[in-house]
Amino acid sequence: MINGFVNVYKETDFTSHDVVAVLRGIFRQKKIGHTGTLDPMAEGVLPICLGKATRAAELLSDKEKTYVTRMLLGKETDTQDITGEVVAEVPKSKVLAIKEEEIRLKAEEFLGPQKQIPPMYSAKKINGKRLYELAREGKVVERKACDITVFELKVLKIELPYVDMEITCSAGTYIRTICHDLGRRLGVGGCMTELTRTRVSTFTAEKAYTLDELRQMKEEGKLLAAVEPVDFAFMSLSGAKASKDADGILHNGGKVQIQRLDLTGIRPGRIRVYDSENEFMGIYYLEGDYYRPCKFFYEVKQ
């Protein structure tokens, strides 16, 4: 079984589950998962977990992400993107009268921690049912606002009625909702027409593979070159190597005393831990005088 990550560039009209299904055929293994859905109309980075890396899916889902999006001003839809039914529209002349400076100033209001109400057409669950299922039944229910953070928002280009933006945000942020809400703050409404995810944590679009590229690599016998090791996803965390006498404890998933780790240059928070032979053990957190595993990846070799 292959263990690690594949940085897939999901193309439009594919669901995240579609990508997983195709990769199961390419890699000839069942233990494959993704790290968070990307809408069919969206494209871009979709990290895929292979083998024991599937244990890391929930950790990667919480990482910050970067998107490039295009917003259409003057039109609102029920899905908050261009695929939905138009529910409100203003004359184009009203949109063209908006000053660029006003757009940039209103966009800046979205920076920082804030509350965001998830759209009805989303995978959020209420009473065990996904919101998009309720929406397709014609139902609109009250949704609880979620805590999100927009770390950076750049207005890249303004060619009214279109506005291109680059947004770096926390997990759980809906970019189409930002487009919808920004349109409302500008008094004309808005919806998202394009979305590309360019980064998820350490995974970037520049180093992602399309499904066709992976098929070609398999034919050429180079498929493993596309697989990153399990610890690649956590390179933003500090790493610590253990002393030889800690190997037995680590290999059995136990907590390790801080004295048995080289903590030189370690930053506060979770860390990557390796045994004395530089074998990746997992992600650990500090508890008193010990580092305890919060996600363990090592498997005893047969």
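Here is a short chat about this predicted model and what lies inside it. Residues count from 1 along each chain as its sequence is written, and side-chain values use heavy atoms, leaving out hydrogens and water. Local features need pLDDT of at least 70 and side-chain atom pairs count only at pLDDT 80 or more, while totals for chains, interfaces and linings use all residues.

Colleague: How many helices and strands are there in the protein chain?

Modeller: Helices (H or I, at least four residues) and strands (E, at least two) are DSSP runs, numbered from the N terminus. Going by that, the protein chain has 8 helices and 20 strands.

Colleague: What share of the 302 residues is buried?

Modeller: Buried means under 20% relative accessible area, exposed means over 50%, and partly exposed is in between (1.4 Å probe, protein chains only). Of the 302 residues in the protein chain, the buried share is 46%.

Colleague: Which strand gives the most to the largest nonpolar core?

Modeller: A nonpolar core is a set of buried Ala, Val, Leu, Ile, Met, Phe, Trp, Tyr and Cys residues joined through side-chain atoms within 4.5 Å. The largest one has 28 residues, with Leu73, Leu153, Val163, Met165, Ile167 and Ile175 having the most contacts inside it. Elements supplying at least two residues each include helix H4 (100-108), strand E10 (146-159) and strand E11 (162-169). The top giver, with 5 residues, is E10.

Colleague: Which residues does Ile167 touch, leaving out those up to four places away in sequence?

Modeller: Contact means heavy atoms within 4.5 Å. With those sequence neighbours left out, Ile167 touches Lys65, Thr66, Tyr67, Thr69, Val150, Glu152, Leu153, Ile175 and Ile178.

Colleague: How many residues are in the other core, the one with Leu59 and Tyr274?

Modeller: That core lies apart from the largest one, and Leu60 and Ile283 are also among its residues. Its size is 18 residues.

Colleague: Why is Cys146 too far for a bond?

Modeller: A disulfide is a pair of cysteine sulfur atoms within 2.5 Å. Cys146 is partly exposed, at 21% relative accessibility. Its sulfur is too far for a bond because the closest cysteine sulfur, in Cys169, is at 13 Å.

Colleague: And is Cys179 buried or exposed?

Modeller: Cys179 is in no disulfide either, with the nearest cysteine sulfur, that of Cys191, 8.0 Å away. The count of disulfides comes to 0. At 0% relative accessibility, Cys179 is buried.
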